[in-house]
Amino acid sequence: RLSQWKADALFSLGDTSLPACSVPHLLLVHQAHLAYAPKDWGFEATAAVSRRYWLMEKYLRTALPSVTQITVQTEDMKARMGQRFDIADEQIVVVPSAVEPSPGDSARAQVDDGRPYLCYVASPGAHKNHALLPDLMAALPERHSDVIFRLTMAEDSVPALTQHARELGVLDRFSWDGAMASKEALRLLSGAKAMVMPSLLESFGLSFYEAMGAGCPIVAADRDFAREACGDAALYAHPWKALSFAERVTDLLDSNELAQSLVKQG
């Protein structure tokens with residue numbers, strides 16, 4: 001096809017490029033699973049997921065000799081891709097994603113009974129690390145027992161989380177909003193006490209920027225990509241310790257001054 005079309009260049013958005021490409025080739029890599037070696041993922045992947053990314057990695061390595069330049073979305077991705085695949089620094093360019101502006105109206109999202117809430121704005125993928133959320137809620141002090149957790153997932157998409165929350169007696173403190181469009185997510189964030197983002201892998205982390213744009217404090221897993229996105233506009237917790245997240249959330253709930261300072265930084 002490239003020959004037939006007399007193409008001057010190929011722009012590939014599919015992560016794994018084209019082996020033996022006959023023209024200059026620009027490749028967009030946006031799968032964080034590729035930039036991180038499996039031992040650094042931080043979670044136990046299913047056999048299907050492991051096999052998928054093993055195959056993608058092998059295919060990418062086969063094609064890299066004919067890739068002219070690579071774009072990624074963060075400096076963290078650039079550093080990790082360069083180290084893992086031995087790619088020269090000048091061959092990788094960082095082009096961030098576009099970010100929606102903050103909500104244009106002053107309306108703030110509420111649950112039906114008006115209780116204060118935390119929110120999780122992400123998919124049900126295992127790398128998002130949502131499994132620790134029930135333990136986080138169970139660890140919040142009694143004085144914050146009215147706080148609920150709103151998630152942009154369907155309840156049946158995370159059966160293990162649901163079961164664990166039921167076992168801990170906190171299932172009634174979760175509200176399942178399901179997947180939502182960006183504008184809806186911004187409204188959800190605008191009314192939240194905090195966005196909790198325990199994600200272990202991100203190629204960009206759009207939710208970080210959406211939260212900052214919506215004036216929502218952030219509690220994130222202490223990972224390089226999160227610190228690159230948020231800087232001083234977030235609190236950071238140990239990636240695998242729910243108690244660490246609960247402590248940071250409690251700090252925010254107990255101090256409006258702290259929350260507002262994070263909003264200002266954002």
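1. At what angle do the axes of helix 3 and helix 4 cross, and within what distance do they come? In this predicted model, the two axes cross at roughly 75° and come within 12 Å. Angles from 65 to 115 degrees count as roughly perpendicular, and helix 3 and helix 4 are therefore roughly perpendicular to each other. On the helix 3 side the contact is made by Glu57, Leu60 and Arg61; on the helix 4 side it is made by Met81, Arg84 and Phe85.

2. Helix 3 itself covers residues 47–63, that is, 17 residues. From its first C-alpha to its last it reaches 24 Å, close to the 24 Å expected at 1.5 Å a residue. Its buried residues are Tyr53, Met56, Glu57, Leu60 and Ala63. These buried residues lie on the same side of helix 3, because they cover an arc of only 130° around the axis. Turned away from that buried side is a face that carries the exposed residues Ala47 and Thr62. Glu57 and Leu60 are buried and also take part in the contact with helix 4.

3. What covers the buried residues of helix 3? The cover includes strand 2 (25–28), helix 2 (32–35) and helix 4 (75–85). Helix 4 in turn lies across strand 3 and strand 4, and runs at about 165° to strand 4.

4. Strands 2, 3 and 4 belong to an open sheet of four strands, in the order 1-2-3-4 and with parallel pairing. Strand 1 and strand 4 stand at the edges with a single partner strand each, so one side of each is left without a neighbour in the sheet. From one strand to the next, the twist averages 20°.

5. The pairing inside this sheet can be followed residue by residue. Strand 2 and strand 3 (residues 69–72) run parallel and are joined by three bridges; the bridge partner of leucine 26 in strand 3 is glutamine 69. Strand 3 also pairs with strand 4 (residues 92–94), in the parallel sense and over three bridges. Here isoleucine 70 stands opposite isoleucine 92, and valine 72 stands opposite valine 94.

6. Towards the start of the chain, alanine 9 lies in the loop between helix 1 (2–5) and strand 1 (10–12). Leaving aside residues up to four places away in sequence, alanine 9 touches Val23 and Pro24. The C-alpha atoms of alanine 9 and glycine 205 are separated by 29 Å, with the two residues 196 apart along the chain.

7. A further open sheet is formed by six strands, in the order 7-6-5-8-9-10, again with parallel pairing. Which strands are at its edges? They are strand 7 (174–176) and strand 10 (234–237), each of which pairs on one side only. Direction ignored, neighbouring strands of this sheet are turned by 25° against each other on average.

8. Two pairings in the six-strand sheet can be given in detail. Strand 5 (residues 117–120) and strand 6 (residues 148–151) run parallel and are joined by four bridges, and tyrosine 120 stands opposite leucine 151 in strand 6. Strand 9 and strand 10 likewise pair in the parallel sense over four bridges; there, alanine 221 stands opposite alanine 237 in strand 10.

9. Strand 10 is an edge strand, yet both of its faces are covered. In a regular strand the side chains alternate between the two faces of the sheet. In strand 10, Ala234 and Tyr236 are buried on one side, and Leu235 and Ala237 are buried on the other.

10. Two helices pack on strands of this sheet. Helix 10 (residues 242–254) lies across strand 5, strand 8 (194–197), strand 9 (218–221) and strand 10, and runs at about 155° to strand 10. In helix 7 (residues 182–190), the residues Ala185, Leu186, Leu188, Leu189 and Ser190 are buried. The buried residues of helix 7 pack against strand 5, strand 6 and strand 8, and also against helix 8 (206–213).

How values were computed
Residues are numbered from 1 along each chain as its sequence is written. This is a predicted model: local features need pLDDT of at least 70, side-chain atom pairs count only at pLDDT 80 or more; totals for chains, interfaces and linings use all residues. Side-chain values use heavy atoms; hydrogens and water are left out. The expected span of a helix is 1.5 Å times one less than its number of residues. Buried means under 20% relative accessible area, exposed over 50%, partly exposed in between (1.4 Å probe, protein chains only). The arc is that of the directions from the helix axis to the C-beta atoms. Contact means heavy atoms within 4.5 Å. Two strands pair if DSSP finds at least two bridges between them. Axes are lines fitted to C-alpha atoms, for helices over the stretch in contact, and angles run from 0 to 180 degrees between N-to-C directions. Angles under 35 degrees count as roughly parallel, over 145 as roughly antiparallel, 65 to 115 as roughly perpendicular and the rest as oblique.
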